[in-house]
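Hello! Here are some notes to go with the model, set out as short numbered points for you to read beside the coordinates.

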Amino acid sequence: MISHAEVQAALSARIDGEEAGLDKAVVDAHLAHCPECASFWERSLALSRSLSFVEADGSMSPPEDLSDVIYAGVETEFRKLASRRLLGLSIGRVILGVLAVLYIVWAGQLVAGSGGADMDPEMASLLIGAAAVRVGIAAALLLVAWKPNQIPGVLLIVGAMFGFTIGFAVLDAVSGEATAPWLHLGMLLFTSAALVFMWVADRGPSNPLRTLSAGPQ
Ligand SMILES: [Zn+2]
C-alpha cells in the first residue's frame, strides 16, 4: 500500500520532469480512486501551467530558447506599431494631397480674379503674387507628403502665414475695414494640423525603428 505523500511526491516529480521513483501505472491507479491526490494533481497542474509551459499531460516542454519566445512577442508588438505608423502616413499623404489640390484651385481663382478689365494693375499683381504663394504651398505639401522629415520647415512657413493672417484679420476687424478671411484662416489652420498629424505619424513615440535603435542591439 502506498501513501498519499508518496503519490503526491511522484506527481510533483512528474511535473518537474524528474524520475518519480514509483511506477506510473501504480500512481495513476491511485489517482483514479483518491479524491485527495486527484485534487492535489489538479492544483499542481494549474499552478505549473500558470507559471510556465506544461503540457496537458503534465510533462514539461520548455521552449528551446526562452529569448525566442520573448523576441517573437516583442516583434509582433513592433509589427503592429509599424503597420499603425504606415496607416497614419497613408492617411497623412491623402490629406496633404487633397490640400495641395485645394491650394492650386485657390491659386487658379486668384489668377482668374486678376484678369478683370477694370482691375487695378497694382491689385492684379498682388493677386498674382498671392496665387504664386499658394502654388508654393501646394508644392511644399506634395514634397512633405513624400518626405515627412521636411515638415518642420513647411510648418514654420504655414504657421507664420497663419499668424500674419490672423494678425491682419484682427486689425481689419478693429478698424471695421473688412470681414475676417475665415476661409483663408481655416485653410492655414487645417494645413498646420495636417502637417502636425503627418509629423507625429512619421516621428511619434510609436515609431518602432527609433525605439529599436535606442535599445540594446
Ligand atoms: Zn491519495
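1. Let me start with a single residue: S90 belongs to helix α4. Bear in mind throughout that this is a predicted model. The relative accessible area of S90 is 39%, so this serine falls between the cut-offs of 20% and 50% and counts as partly exposed. Along the chain, S90 and A201 are 111 residues apart, yet their C-alpha atoms are separated by 9.3 Å.

2. Now a step back to the overall fold. The protein chain has 8 helices and 0 strands, and in sequence order the pattern reads α-α-α-α-α-α-α-α. Of the 217 residues in the protein chain, 29% are buried.

3. The helix that holds S90 also carries an aromatic contact. The search of the whole structure gives 1 aromatic pair. It is formed by Y103 and W106, with ring centres 5.8 Å apart and planes at 25 degrees; that angle is under 30 degrees, so the pair counts as stacked. Both residues sit in helix α4, at a spacing of 3 residues, or about one turn of the helix. Are these two residues buried or exposed? Y103 and W106 are both buried.

4. W106 has a charged neighbour as well. R134 lies over the face of the W106 ring, at 4.3 Å from the ring centre. A second arrangement of this kind involves R14, whose charged end sits over the ring of W41 at 5.5 Å from its centre. If you plan to look at cation–ring geometry, these are the two places I would show on screen: R134 with W106, and R14 with W41.

5. W106 and R134 turn up again in the largest pocket, where both are part of the lining. The volume of this pocket is about 260 Å³. The rest of the lining consists of L110, M123, L126, L127, A130, T165 and H184. Which helices each supply at least two lining residues? They are α4, spanning 66-113, and α5, spanning 121-146. The largest share, 5 residues, comes from α5. By residue class, the lining holds 6 nonpolar, 2 polar and 1 charged.

6. Finally, a word on the cysteines. How many disulfides does a search of the whole structure find? The count is 0. As a reminder, a disulfide is a covalent bond between the sulfur atoms of two cysteines. C34 has a relative accessible area of 8%, which is under the 20% cut-off, so C34 is buried. C37 is buried too, with a relative accessibility of 0%.

How values were computed
Residues numbered from 1 in each chain as written. Predicted model: local features only at pLDDT ≥ 70, side-chain atom pairs only at ≥ 80, totals over all residues. Heavy atoms only, no water. 1 Å grid on protein atoms, 1.4 Å probe; cavity = no way out; pocket = protein on both sides within 12 Å on 5 of 7 lines; lining within 4 Å. Points joined across faces, edges and corners; volume = space filled by probe spheres on them. Helix = DSSP H or I, 4+ residues; strand = E, 2+ residues; numbered from the N terminus. Nonpolar A, V, L, I, M, F, W, Y, C, P; charged D, E, K, R; others polar. Phe/Tyr/Trp six-rings, centres within 6.5 Å; stacked < 30°, edge-to-face > 60°. Buried < 20%, exposed > 50% of the residue type's maximum accessible area, 1.4 Å probe, protein only. Lys NZ or Arg CZ within 6 Å of the ring centre and 35° of its normal. Disulfide = S-S within 2.5 Å.
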